[in-house]
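Hi everyone, thanks for coming. I'd like to take you through one model today and pause at a few places along the chain. Have a look at it first, and then we'll start.

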Amino acid sequence: MKNAFTILLLTLLLFSCKNQSEPKAEIVHIEKTELIEPKQTVSIAEQWNLMVLEKGGCLGGGQYFKETKREIPTMVFSETEWKKFSENDKRKLTEFLITKLSDTTKTKVHTCPFFEATNGEMAVYSLQHIHKKNWYDFSEFQAYKDKEIKSAIDQPQIWLQNVLKNENERKKLAELFKNKLKN
């Protein structure tokens, strides 16, 4: 009796599946719709980590803002990643970069002809390009503008590192870049 009941259920299941898989003549209207892929956004922090901590590159002297910029595709501030990064909202970029000023983590970005930049340095170099003003062009830091380079340890990269190590100087620099947003 149990086997007969099982055979009956399997037969019913087979016929019900067979009937469902047969196409019906009355169905055939399919609307053409456009497939819209959701726009994937990458956060500022993710872009930053990709550019400076994962990919890296060479600044080639391009860390400082100049009105007439050399476009060398292999230099960090000429690369596609930088261009995408700099398209973010200026206020959000500035706020994000200011949080990096005290970060002494070494990046994969080389500062020719000297050393790999720290996260804090890269934040300053980025702020310079975003705001079109170098850190030493602020009156508070102009003493560094024409200072003579004496050695590999007495040069602009080290001067900036020393400014960033000093909490008061770092805060002053952060405020100066924040104030550029108001102009």
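Let me begin with a single residue, K132, which is exposed, with a relative accessible area of 54%. Please keep in mind throughout that this is a predicted model. K132 sits in the loop between α5 and α6, the latter being residues 156–165. Its backbone deserves a glance too: phi of K132 is near 55°, a positive value in a residue other than glycine. And K132 is what follows helix α5.

So let's step back into that helix. α5 covers residues 119–131, which is 13 residues, and from its first C-alpha to its last it reaches 18 Å, close to the 18 Å expected at 1.5 Å a residue. Is α5 buried or exposed? The answer is that 13 of its 13 residues are buried, so the helix is largely enclosed by the rest of the structure. Put that beside K132, which is exposed.

Just ahead of α5 in the numbering we have strand β3, residues 116–118, and T118 lies in it. T118 is buried, with a relative accessible area of 8%. Leaving aside residues up to four places away in sequence, T118 touches D103, T104, T105, K106, T107 and Q161.

Now, a partner for α5. Helix α4, residues 90–100, packs with α5 at an angle of about 155°, their axes 8 Å apart. That angle is over 145°, and α4 and α5 are therefore roughly antiparallel to each other. The crossing of these two is left-handed. Which residues make the contact? From α4 we have K90, L93, T94, L97, I98 and K100, and from α5 there are N119, G120, A123, S126, L127, I130 and H131. Sorted by class, that contact has six nonpolar, five polar and two charged residues.

As a reminder for anyone looking at such lists, an α-helix has 3.6 residues a turn, so residues three or four places apart point the same way.

α4 has another partner to show you. Helix α2, residues 44–55, packs with α4 at an angle of about 55°, and here the axes are 11 Å apart. That makes α2 oblique to α4. The crossing of α2 and α4 is right-handed, whereas the one between α4 and α5 is left-handed. On the α2 side we find I44, A45 and W48, and they meet K92, L93, F96, L97 and K100 in α4. By class, this contact of α2 with α4 has six nonpolar, no polar and two charged residues. If you compare the lists, L93, L97 and K100 of α4 appear in the contact with α2 and also in the one with α5.

While we're in α2, let me point out E54, which lies in this helix. E54 is exposed, with a relative accessible area of 53%. Not counting residues up to four places away in sequence, E54 touches N49 and K108. E54 and K108 are 54 residues apart in sequence, and their C-alpha atoms are 6.8 Å apart in space.

Let me finish with the whole chain. The protein has seven helices and three strands, and from the N terminus on the elements run α-α-β-α-α-β-β-α-α-α. Of its 183 residues, 34% are buried. Among contacts with a separation of 6 or more, 63% come from residues 24 or more positions apart. Thanks, and I'm happy to scroll back to any of these spots.

How values were computed:
Residues numbered from 1 in each chain as written. Predicted model: local features only at pLDDT ≥ 70, side-chain atom pairs only at ≥ 80, totals over all residues. Heavy atoms only, no water. Axes fitted to C-alpha atoms, helices over the stretch in contact; angles between N-to-C directions. Helix = DSSP H or I, 4+ residues; strand = E, 2+ residues; numbered from the N terminus. Parallel < 35°, antiparallel > 145°, perpendicular 65-115°, else oblique. Left-handed = near helix turned anticlockwise from the far one by under 90°. Contact = heavy atoms within 4.5 Å. Nonpolar A, V, L, I, M, F, W, Y, C, P; charged D, E, K, R; others polar. Buried < 20%, exposed > 50% of the residue type's maximum accessible area, 1.4 Å probe, protein only. Expected span 1.5 Å × (residues − 1).
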